[in-house]
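Work through the exercises below with the sequence and the model at hand. Each task is followed by its solution.

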Amino acid sequence: MKKQNALRVYLIVNFCMAIFYLMGHVVKSLYRIQSAGFSPLQLILVGTMLEGTVFIFEIPTGIIADIRSRRLSVIIGMFIIGAAFILEGSVATFAMILLAQFLWGLGHTFTSGALDAWISDEIGEGNAAQAFVRGAKYSKIGSFVGIVLGILLGYQYINIPITLSGVGFLILGAYLVLKMPENGFKPAGISQRSSWQNMKVTVHDALKMVRRRPALGDILIIGLFFGLYSEGLDRFWQLHFLEQFTFDVIKPVLLFGAFEAVSMLVSAGALSVIQTRIKLAGSQALIEAQTWITAGMLLMFYAFTWIPSLIPALIAYMLLTLLREIRYPVYRGWVNHKLDSSVRATILSVSGQMDSLGQISGGPAIGVIAERYSVRTALTVSASLLLPVFFFFARQFKMDEDNTTDRQSQQSLSK
């Protein structure tokens with residue numbers, strides 16, 4: 001009975017968090033552009049604040065979840081995120097929205113990992129995988145509901161969905177105070193605590209592995225470049241549409257919201273197909289798939305940036321979004337092929353950090369380019385940051401091919 005109660009809370013949290021995140025997210029960029037009057041550089045800087053906060057606080061906030069309480073960590077995160085959304089929706093100034101991004105990033109670090117760790121403690125690791133799958137399904141449904149609510153609520157007053165999202169997170173936090181159990185948690189000992197020392201050890205181990213296995217260096221560099229290119233796209237795509245096209249027939253909030261909903265549904269269908277095939281693919285097939293997917297992304301990125309008509313530009317951006325969704329599991333599948341189980345977690349962790357580092361370091365430069373030249377120029381530069389990854393894909397394919405040939409030669413000699 002206790003396990004069922006915990007599972008019910010977990011599914012409710014996944015469903016509600018998805019609603020509140022997407023309800024605010026679907027209008028945030030428009031709100032910052034139209035209501036707050038952000039410049040391109042300011043759009044980038046709020047994103048950099050969010051990414052930087054998550055990057056800095058991800059490990060320190062893990063101390064509370066590991067040592068004090070998973071439940072407490074999740075509840076703290078809900079209240080901080082709620083305050084961040086309310087602040088952003090209530091005060092349309094750069095300084096307050098920048099502060100809101102800091103709070104949002106901080107709140108996210110309290111919840112990320114802690115919620116999944118909590119349900120694993122409560123229902124047992126053997127049942128956790130099934131819970132994660134169910135939670136993901138509830139999140140998908142909640143995301144769609146959130147997008148629809150964001151469109152309806154933001155049609156007249158674009159700040160309302162953001163503010164109500166914050167209120168929703170506060171209510172969710174209060175619900176967890178009353179209903180969230182914690183019976184399976186065992187505080188970590190001193191030697192198990194997450195800390196900056198753990199990060200130092202992780203990075204040190206990763207560097208040792210890269211020196212021992214040079215191919216891993218390419219994996220990390222590829223992650224860096226995918227982080228570098230993405231920040232300009234994520235912050236400027238709506239601004240680009242608003243600058244290049246007129247919206248006489250339909251409001252941008254309705255168009256962009258409908259676009260997000262359709263993209264999510266198409267991506268979910270494509271992912272269910274591609275993830276089955278990843279399990280069956282070999283290393284060379286995965287490298288080749290990534291090469292073609294990235295080439296398609298680059299082509300659609302340039303097309304979206306330079307096509308002069310609204311509908312073709314939207315189609316190009318939708319295809320780019322779809323390819324981005326497909327690329328991620330293919331990349332992770334390839335990384336898993338390249339790694340022994342003993343080193344996989346470390347390299348995957350550092351790879352994720354490299355992506356974040358790319359976003360943090362590349363974002364401001366792209367913002368300056370947009371300020372001095374144009375958003376279209378900044379998007380073109382962002383797209384071009386994908387070009388170096390083709391060299392690394394080609395090198396990895398050649399190395400993998402040579403290794404396969406060597407193994408086959410050795411097998412022939414042994415016979």
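**Exercise 1.** Among contacts in the protein chain between residues at least 6 apart in sequence, what percentage join residues at least 24 apart?

Solution. The model is predicted, with local features needing pLDDT of at least 70, side-chain atom pairs counting only at pLDDT 80 or more, and totals for chains, interfaces and linings using all residues. Residues are numbered from 1 along each chain as its sequence is written, and side-chain values use heavy atoms, leaving out hydrogens and water.
- A contact means heavy atoms within 4.5 Å.
- Of the contacts between residues at least 6 apart, 87% join residues at least 24 apart.

**Exercise 2.** State how many helices and strands the protein chain has, and what share of its residues is buried.

Solution.
- Helices (H or I, at least four residues) and strands (E, at least two) are DSSP runs, numbered from the N terminus.
- The chain has 16 helices and zero strands.
- Buried means under 20% relative accessible area, exposed over 50%, and partly exposed in between (1.4 Å probe, protein chains only).
- Of the 415 residues, 49% are buried.

**Exercise 3.** Describe the largest nonpolar core and find which helix gives the most to it.

Solution.
- A nonpolar core is a set of buried Ala, Val, Leu, Ile, Met, Phe, Trp, Tyr and Cys residues joined through side-chain atoms within 4.5 Å.
- The largest one has 97 residues, and F236, F241 and F304 have the most contacts inside it.
- Helix α1 (residues 2–35) gives the most, with 18 residues.
- Leaving aside residues up to four places away in sequence, F304 touches several residues, including L233, W237, F241 and L379.

**Exercise 4.** Locate the salt bridge of R32 and decide whether R32 is buried or exposed.

Solution.
- Side chains of opposite charge can pair when their charged atoms come close.
- A salt bridge is a side-chain nitrogen of Lys or Arg within 4 Å of a carboxyl oxygen of Asp or Glu.
- R32 meets E88 at 2.8 Å, N to O.
- R32 is in helix α1 and E88 in helix α4 (residues 70–90), 56 residues apart.
- R32 counts as buried because its relative accessibility is 4%; E88 is buried too, at 1%.
- K28 joins R32 and E88 in a network of salt bridges.

**Exercise 5.** Compare the burial of R395 and D218, which form a salt bridge.

Solution.
- Their side chains meet at 2.6 Å, N to O.
- R395 lies in helix α16 (residues 388–414) and D218 in helix α10 (residues 215–244), 177 residues apart.
- R395 has 35% relative accessibility, so R395 counts as partly exposed.
- D218 has 2%, so D218 counts as buried.
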